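Hi,

Here is the structure I promised to pass on. Have a look at it first, and then read on for what turned up.

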Amino acid sequence: MLHLLTLLVLLSAATAAQKNSIFLLAGQSNMSGRGGVTGNSWDHFIPPECQPRPDILRLNAGLQWEEAVEPIHADIDVYATCGVGPGMPFAHAVLAAGRVATPVRLVPCAVGATRIREWARGTALYLNLMRRASAAMAEGGKLAAVLWYQGETDTISREDAVAYGGRMKTLVSDLRRDLGDPDLLIIQPLVF
């Protein structure tokens, strides 16, 4: 999974984000990070591609920038135990590509076990994402991309699975409109 995300970064996000460095991390548990979690316990192992760096920041739940340290969603996805997720390796890959302003700023918004309809415009999750995005851009930054990793919960019922594509298309359109960027890059990893 992390290798695919790195490939996506190198092929698309790095070139699209030349002077932008704010990335929204949204979706469910795969984005918020469950790496190293067994039951309700995280093993505290942080792989090299997830190690903290002073040029990778995250917006905490109090809307303050701080150095990003795994688990970066711990104060956002508060109803589950968070571990390592794809945000830090993504940031490392973006920095390695050398095409973004530093620091790279990550805005964790993901919440585990959520369906895409819970992210629709007007819902609590969508409004929180917008609030966090506004706070992230308050100092003049611009969004480079939204990393969206979600969908497993939408495979439980056939109805949700069939509706997913249309709901995703609507979500992308709403995000681009409400974030004021009709060309905003939305990165969604494909897992086979």
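Right after helix 3 comes Gly98, with a positive phi of about 70°. This is a predicted model, by the way, so please read everything below in that light.

Back to the helix itself. Helix 3 is mostly covered, with nine of its eleven residues buried. The buried ones are Gly87, Met88, Pro89, Phe90, Ala91, His92, Ala93, Val94 and Leu95.

Ala91 is a good one to click on. It sits in helix 3, which spans residues 87–97. Ala91 counts as buried because its relative accessibility is 0%, and the cut-off for buried is under 20%. What does Ala91 touch, leaving aside residues up to four places away in sequence? The answer is Ile56, Val104 and Leu106. You can also check the spacing to Arg105: that residue is 14 positions from Ala91 along the chain, and their C-alpha atoms are 8.3 Å apart.

Arg105 leads on to the strands. In strand 6, Arg105 is the bridge partner of Ile22. Strand 1 and strand 6 (residues 104–108) run parallel and pair over four bridges. Strand 1 also has strand 7 as a partner, again parallel, with six bridges joining the two. If you want a spot to look at there, Gly27 stands opposite Tyr149 of strand 7.

How much of strand 1 is buried? Six of the six residues in strand 1 (residues 22–27) are, so the strand is largely enclosed by the rest of the structure. Both of its faces are covered: Ile22, Leu24 and Ala26 are buried on one side, and Phe23, Leu25 and Gly27 on the other.

Next, helix 5. This one covers residues 158–178, so 21 residues, and goes 30 Å from first C-alpha to last, close to the 30 Å expected at 1.5 Å a residue. Still, helix 5 bends by about 45° at Tyr164. Tyr164 is also among the buried residues of this helix, alongside Asp160, Met168, Leu171, Val172, Asp174 and Leu175. Some of that spacing may look familiar: an α-helix has 3.6 residues a turn, so residues three or four places apart point the same way. And what do the buried residues of helix 5 pack against? They pack against helix 4 (124–137), strand 7 (143–149) and strand 8 (185–187). Helix 5 is followed by Gly180, which has a positive phi near 75°.

I looked at the cysteines too. Cys82 counts as buried because its relative accessibility is 6%, and Cys109 does so because its value is 2%. How many disulfides does a search of the whole structure find? Zero.

Finally, the overall picture. The protein chain has five helices and eight strands, and from the N terminus on they run α-β-α-β-β-β-β-α-β-α-β-α-β. Of the 192 residues in the chain, 49% are buried. Among contacts with a separation of 6 or more, 77% come from residues 24 or more positions apart. The chain exposes about 9,100 Å², and carbon and sulfur atoms supply 55% of that.

Cheers

Technical notes. Residues numbered from 1 in each chain as written. Predicted model: local features only at pLDDT ≥ 70, side-chain atom pairs only at ≥ 80, totals over all residues. Heavy atoms only, no water. Bend = angle between axes of the 7 residues up to and from the residue. Buried < 20%, exposed > 50% of the residue type's maximum accessible area, 1.4 Å probe, protein only. Contact = heavy atoms within 4.5 Å. Areas by Shrake-Rupley, 256 points an atom, 1.4 Å probe, with all protein chains shown as cover. Disulfide = S-S within 2.5 Å. Pairing = 2+ DSSP bridges.
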